[in-house]
Amino acid sequence: MSTPTAAIQLIVFGERNRTDFAGVLNDVKAAGFPAIEAGNLFATYGEDEARRLLAETGLTVCGAHFGYGEYADDTKLAGHIAYCKAMGIRHMMCSGVADTKTIEGYKTSSALFNQIGKRLAEEGITFNYHNHAWEFEDLGGGTNGMHVLASETDPSVVKFNIDVFWVTFGGEDPAAFIRAHAHRAGYYHFKDGKKDAAGNPVFLELGRGMVDLRGAMAAAREVGAEWIVAEQDRTELPHRESVTISRAYLRDSLGV
């Protein structure tokens with residue numbers, strides 16, 4: 001059984017990430033999170049300012065998250081790798097593929113992910129693919145995007161950043177999914193929420209939605225979870241209140 005570390009994805013803070021980054025980090029610290037996941041902080045705030053604010057709050061950075069286009073652009077990718085190496089970040093996340101609607105789109109992406117995964121591994125960084133719900137949509141013949149990614153990528157260099165809400169929303173059990181991909185699992189997004197009357201996602205603080213977070217945590221510990229990152233795409237509550245609720249759930253209910 002592993003002892004993972006808690007962190008938070010800064011997406012929940014929305015526009016404040018651009019207008020009040022110091023306040024965002026203070027809220028994260030006040031909530032009790034020891035680490036954050038974000039994009040390239042040097043590119044957004046400048047290296048000196050990013051380092052200063054992190055030092056003031058004592059926060060570390062567990063991972064860097066970018067869209068597919070950032071990985072398909074070699075110049076941008078090189079910059080992100082340099083940033084991660086300078087900060088000692090050992091996990092890079094990718095959201096998205098070349099085409100979410102075709103098997104070929106996933107195969108094309110898989111080939112790129114294998115190349116990038118090998119390149120990052122040589123730099124001491126792990127490449128992690130972040131799932132949403134659409135990877136679980138049938139592409140024909142009972143095949144979905146996750147099936148293609150799992151079969152077409154090298155598990156030694158392409159890992160999964162498992163988002164337990166989107167696994168649930170996509171119609172699968174997160175604990176079973178984690179165990180099925182144990183050889184790729186180590187970095188997680190713990191997200192909660194529900195479906196509204198129209199079937200759209202509603203994002204909620206941890207412990208307030210439909211996701212079996214306890215079951216997911218048990219499975220994650222079994223397979224060696226390193227990071228449990230709270231992620232909430234948006235909230236209706238004041239930011240500090242929202243992240244404090246999620247941090248308390250991780251600590252008091254899940255033991256992280």
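Q: Is C62 buried or exposed?
A: Buried, in this predicted model. C62 has 3% relative accessibility, and the cut-off for buried is under 20%.

Q: And C94, buried or exposed?
A: C94 is buried too, with a relative accessible area of 0%.

Q: How many disulfides, then?
A: Zero disulfides are counted.

Q: Why is C62 not in one?
A: Because the closest cysteine sulfur, in C84, is 11 Å from the sulfur of C62, too far for a bond. A disulfide needs two cysteine sulfur atoms within 2.5 Å.

Q: Which cysteine sulfur is closest to that of C94, and how far off?
A: The one in C84. The distance is 13 Å, so that pair is also too far for a bond.

Q: Switching to voids. How many cavities of 30 Å³ or more turn up in the whole structure?
A: One.

Q: What volume is in the largest cavity?
A: About 70 Å³.

Q: Which residues lie nearest its centre?
A: I8, A230, E231, Q232 and S246. The lining of the largest cavity has 15 residues in total.

Q: Which elements each supply at least two of the lining residues?
A: β1, spanning 5-9, and α12, spanning 239-254.

Q: Which element gives the most?
A: α12, with three residues in the lining of the largest cavity.

Q: What's the chemistry of that lining, by nonpolar, polar and charged?
A: Mixed: seven residues are nonpolar, four are polar and four are charged.

Definitions and conventions
Residues numbered from 1 in each chain as written. Predicted model: local features only at pLDDT ≥ 70, side-chain atom pairs only at ≥ 80, totals over all residues. Heavy atoms only, no water. Buried < 20%, exposed > 50% of the residue type's maximum accessible area, 1.4 Å probe, protein only. 1 Å grid on protein atoms, 1.4 Å probe; cavity = no way out; pocket = protein on both sides within 12 Å on 5 of 7 lines; lining within 4 Å. Points joined across faces, edges and corners; volume = space filled by probe spheres on them. Helix = DSSP H or I, 4+ residues; strand = E, 2+ residues; numbered from the N terminus. Nonpolar A, V, L, I, M, F, W, Y, C, P; charged D, E, K, R; others polar.
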